[in-house]
Amino acid sequence: MSLDVSPKLLAEAEQGAVREEDFVDTVRTSLPYAYDLIADLATRLNGGIAEFTDNQTPPPSERERGQLLRALASDAIRGSLERHFGVALAFQNCHRVAAFRPESVDGDTYARFTSVRSQVLNQSPEFRDC
């Protein structure tokens, strides 16, 4: 299971719309490694002038890698994190996550990062089973 959903949040969902703040808080407590990594990327992006910031350090264990994969594989989780932190996320290699400024999504740097060519160039044998 990806998220530890509280009875309160479940009741909210059963009644209709879920407040995104409540959902993001559930993501924060359920997937702390992924949340903290993306928070750090957003902080570094917003504190500088670079077009993007990224993480190239593998997670410390498979547990953390699983959190990252679950966060980025879910459209709802990923989209909520992007809106919460004001970034556009891109993902490669089981752990290379990048945060872009949302207006950069139509730019050359984002297109290069998310291209098939970049995906191929960023492969190595140690990523085969991640």
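These are my notebook entries on one helix pair and three residues in a predicted model.

**Entry 1: helices H3 and H4**

I looked up how helix H3, residues 32-46, lies against helix H4, residues 62-73. Their axes come within 7 Å and cross at roughly 70 degrees. Angles of 65 to 115 degrees count as roughly perpendicular, and H3 and H4 are therefore roughly perpendicular to each other. I also noted the hand of the crossing: H3 passes H4 in a right-handed one.

Next I asked which residues meet where H3 touches H4. From H3 I listed Pro32, Tyr33, Ala34, Leu37 and Ile38. On the H4 side I wrote down Glu64, Gln67, Leu68, Ala71 and Leu72. Sorted by class, this contact has eight nonpolar residues, one polar and one charged.

**Entry 2: Ala34**

I then picked one residue from the H3 side, Ala34, which sits in helix H3. Is Ala34 buried or exposed? Its relative accessible area is 1%. The cut-off for buried is under 20%, so Ala34 is buried.

I checked what Ala34 touches, leaving out residues up to four places away in sequence. The list is Gln67, Leu68 and Ala71, and these three also appear among the H4 residues that meet H3. For Leu68 I looked up a distance as well. Ala34 and Leu68 are 34 residues apart along the chain, yet their C-alpha atoms are separated by 4.8 Å.

**Entry 3: Thr109**

I moved on to Thr109 and found it in helix H6, residues 108-113. Thr109 has 12% relative accessibility and therefore counts as buried. Which residues is Thr109 in contact with, leaving aside its neighbours within four places in sequence? I found Glu51, Phe52 and Phe100. With Glu51 there is a polar contact between the two side chains, at 2.9 Å.

**Entry 4: Arg96**

My last residue was Arg96, in strand E3, residues 96-100. By its numbering, E3 also takes in Phe100, which I had already listed as a contact of Thr109. The relative accessible area of Arg96 is 12%, so Arg96 is buried. I then asked which side chain makes a polar contact with the side chain of Arg96. Asp54 does, at 2.7 Å.

**Entry 5: what I keep from this**

From the helix pair I keep the crossing at roughly 70 degrees and the eight nonpolar residues in the contact. From the single residues I keep two side-chain polar contacts, Thr109 with Glu51 and Arg96 with Asp54.

Definitions and conventions: Residues are numbered from 1 along each chain as its sequence is written. This is a predicted model: local features need pLDDT of at least 70, side-chain atom pairs count only at pLDDT 80 or more; totals for chains, interfaces and linings use all residues. Side-chain values use heavy atoms; hydrogens and water are left out. Axes are lines fitted to C-alpha atoms, for helices over the stretch in contact, and angles run from 0 to 180 degrees between N-to-C directions. Helices (H or I, at least four residues) and strands (E, at least two) are DSSP runs, numbered from the N terminus. Angles under 35 degrees count as roughly parallel, over 145 as roughly antiparallel, 65 to 115 as roughly perpendicular and the rest as oblique. A crossing is left-handed if the near helix is turned anticlockwise from the far one by less than a right angle, and right-handed if clockwise. Contact means heavy atoms within 4.5 Å. Ala, Val, Leu, Ile, Met, Phe, Trp, Tyr, Cys and Pro count as nonpolar, Asp, Glu, Lys and Arg as charged, and the others, Gly among them, as polar. Buried means under 20% relative accessible area, exposed over 50%, partly exposed in between (1.4 Å probe, protein chains only). A polar contact is a pair of N or O atoms within 3.5 Å; within protein, one must be able to donate a hydrogen and the other to accept it, and residues adjacent in sequence count only if both atoms are side-chain atoms.
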